[in-house]
Amino acid sequence: MLEVILKGHDKYYGVSDVVRMFCGVPEELKDEGKVIAPEGPDITLINELFEDGRSVTYSENKAYEFKGKLLEPGREIRRSLYMALSDITSKTMPWGCLTGIRPTLVAWEEDSARSLEERYFVRPDKAELAFETSREEQRILSLIPEESLCIYVGIPFCPSRCEYCSFISSDISCHMDRLANYEKALEREIELISGTIKRPIAALYVGGGTPTVLEEKEFSSLLDSIYSNLNIPSGCEVTVEAGRPDTITEGKLISMRDHGITRICINPQTMRSDTLARLGRRHTAEDVINTYRKATDLGFDLINMDLIAGLPYENAKDHIESTKRVIELAPANITVHTLYKKRRASISREQVMDLEMARGSLDESVAESYELLKAAGYHPYYMYRQKDTGHGLENTGFAKGDTGNLYNVAMMSDCRDVLSFGAGGMSKRCFAQEGEPYKHRVERCATIKDALSYIRRVEEMAEKKAEFFSM
Ligand code: SF4
């Protein structure tokens with residue numbers, strides 16, 4: 001069992017982040033001042049932070065310390081611990097000692113990919129990716145005025161639940177009655193808050209779940225409500241996460257086009273119909289192609305398609321084949337997500353080996369799909385990582401030309417305000433800070449997650465948000 005004793009600090013979170021990458025699920029024993037990992041090697045480490053900001057991690061016979069420009073304390077303790085565990089386990093991680101969900105924000109602070117490699121031990125291909133993506137994020141962010149507002153409208157329902165889903169969406173087959181009431185509550189919230197918004201809208205995103213799960217009449221009514229209550233400037237980026245082809249009808253496509261929706265997402269995740277069926281998605285790869293063609297015929301030229309590497313029942317080759325087939329369709333945006341086949345926290349040593357192999361092949365297939373995308377003229381424009389995935393990889397949005405999505409960049413950067421409508425939405429205000437050009441102070445205002453409670457308490461939610469944005 002690995003044991004890390006904290007000395008001179010109480011940054012359990014940072015220590016756990018690094019331990020998790022190497023040794024599986026950690027446990028924080030705060031009364032004893034340590035973090036343990038039952039699946040780790042049988043050693044004890046001391047992770048110390050000194051008053052001058054240096055951090056050293058000691059094993060029985062070695063001291064690990066980075067000699068160079070100091071980072072802030074939270075990053076410094078991660079770095080010395082990463083050096084120790086990497087040496088002891090003879091493993092390196094794709095993102096080195098970067099454990100956060102937004103590696104590009106660290107890349108914003110650096111002048112080259114090389115410095116990410118040297119200061120954070122990021123692997124060269126990931127350092128390049130982060131650096132390139134961070135420059136595109138900055139370009140896109142410069143198009144969104146600080147005083148503007150991005151809007152999110154959430155519909156947390158889906159036609160059926162995908163096996164791998166970790167979102168808060170509900171399977172609509174069990175909640176048909178709620179959907180229409182939910183849509184009405186959304187309209188009510190939009191109506192109540194719209195009068196208080198005096199700021200220009202830079203981008204709007206209708207997401208989920210699957211917003212197109214609404215019946216045509218309700219779907220069109222929601223778009224009417226959005227366009228009649230919110231002052232959406234002409235040409236403003238408005239995305240609808242159409243998501244699942246089994247919910248996209250010609251009527252809904254025409255409604256979106258006629259309302260002025262500029263971007264839609266049609267997400268195959270994989271182009272293997274047998275996988276889609278096993279995952280509980282009620283559509284085939286052919287449905288994806290047909291829906292995509294219908295949308296382009298109707299004039300949509302800005303379409304995003306999501307793919308997932310590491311899906312259950314699939315191997316690296318399947319993901320590469322799916323990437324090729326989606327590239328053939330030539331949508332403006334393709335987003336590559338990485339999924340980790342999570343196991344229970346308590347796993348055997350054989351299963352740890354199994355996960356190691358899964359991690360390797362996922363890493364390779366993601367790298368290969370990036371190469372294919374770049375060769376086809378796509379470049380990365382935004383990126384984030386999810387916590388506790390086990391593989392430590394990332395999700396990356398690719399775009400052709402200047403079609404990168406403003407909302408995604410604004411949302412991930414934590415540098416622009418977001419007003420969120422609907423259950424589970426998170427509104428936020430981001431305040432620039434002197435001397436911190438890359439980091440805003442963020443205040444958040446959460447909306448109740450449960451759809452039924454949201455319907456009942458929509459007035460209260462609207463009031464809370466109006467107050468949050470008036471401060
Ligand atoms: S479509 Fe997306 S949100 Fe809905 S169940 Fe599937 S993964 Fe979850």
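**View 1. Ala462 sits in helix α15 (residues 458-470) of this predicted model.** Start with the burial: Ala462 has a relative accessible area of 4% and is buried, because anything under 20% counts that way. Set aside the neighbours within four places in sequence, and Ala462 is in contact with Glu189, Leu192 and Ile193. For a sense of scale, pick Lys374 as well: the C-alpha atoms of Ala462 and Lys374 are separated by 43 Å. Along the chain, those two residues are 88 residues apart.

**View 2. The two assigned domains of the protein chain are domain 1 (1-91) and domain 2 (140-461).** Taken over C-alpha atoms, the centres of domain 1 and domain 2 are separated by 36 Å. Keep these bounds at hand for the core view that follows.

**View 3. The largest nonpolar core brings together 106 residues.** If you'd like a handful to click on, go for Val19, Ile151, Ile226, Leu230 and Ile264, which touch the most other members. Helix α1 (residues 12-23) gives the most to this core, with seven residues. Both domain 1 (1-91) and domain 2 (140-461) give residues to the core, so it lies between them. Apart from this core there is another one, of 21 residues, with Ile140, Tyr205, Tyr381 and Tyr382 among them.

**View 4. Val19 is one of the residues that touch the most other members of the largest nonpolar core.** Leaving out residues up to four places away in sequence, Val19 touches Leu2, Val4, Gly24, Pro26, Val35, Ala37, Leu81 and Leu85. Two of the names in that list, Leu2 and Val4, fall in strand β1 (residues 2-7). Val35 and Ala37 fall in strand β3 (residues 34-37). That makes Val19 a handy way into the sheet shown next.

**View 5. Six strands make up an open sheet with mixed pairing.** Reading across, the order is β2-β3-β1-β4-β5-β6. The edges are β2 (27-29) and β6 (63-64), and each of these pairs on one side only. As a reminder, strands of a sheet pair through backbone hydrogen bonds, either parallel or antiparallel. Here β1 (residues 2-7) and β3 (residues 34-37) run antiparallel, joined by four bridges. On its other partner, β4 (residues 44-49), β1 pairs in the parallel sense over five bridges. Glu3 is a good residue to track: it stands opposite Ile36 in β3 and opposite Thr44 in β4. A little further along, Ile5 has Ile46 in β4 as its bridge partner.

**View 6. Strands β4 and β5 form a hairpin with five residues between the strands.** Four bridges join β4 to β5 (residues 55-58), and the two run antiparallel. Ile46 stands opposite Tyr58 in β5, and Tyr58 in turn stands opposite Ala63 in β6. The β5 and β6 pairing is antiparallel, over two bridges. Have a look at the backbone of Gly53 in the β4 and β5 hairpin, where phi is positive, near 95 degrees.

**View 7. Twelve residues surround the ligand.** The closest are Cys158, Cys162, Cys165, Phe167 and Arg244. By type, the shell around the ligand divides into five nonpolar, four polar and three charged residues.

**View 8. Helix α13 (residues 406-413) is mostly covered.** Six of its eight residues are buried, namely Leu406, Tyr407, Asn408, Val409, Ala410 and Ser413. Just after α13 comes Asp414, with a positive phi of about 60 degrees. Asp414 also turns up among the contacts in the last view, where it touches His440.

**View 9. His440 is found in strand β19 (residues 436-446).** His440 counts as buried at 12% relative accessibility, because the cut-off is under 20%. What does His440 touch, not counting residues up to four places away in sequence? The contacts are Glu146, Asp414, Cys415, Arg416, Cys430, Phe431, Ala432 and Gln433.

Conventions. Residues numbered from 1 in each chain as written. Predicted model: local features only at pLDDT ≥ 70, side-chain atom pairs only at ≥ 80, totals over all residues. Heavy atoms only, no water. Domains from an automatic or database assignment. Core = buried A, V, L, I, M, F, W, Y, C linked by side-chain atoms within 4.5 Å. Buried < 20%, exposed > 50% of the residue type's maximum accessible area, 1.4 Å probe, protein only. Contact = heavy atoms within 4.5 Å. Near = heavy atom within 4 Å. Nonpolar A, V, L, I, M, F, W, Y, C, P; charged D, E, K, R; others polar. Pairing = 2+ DSSP bridges.
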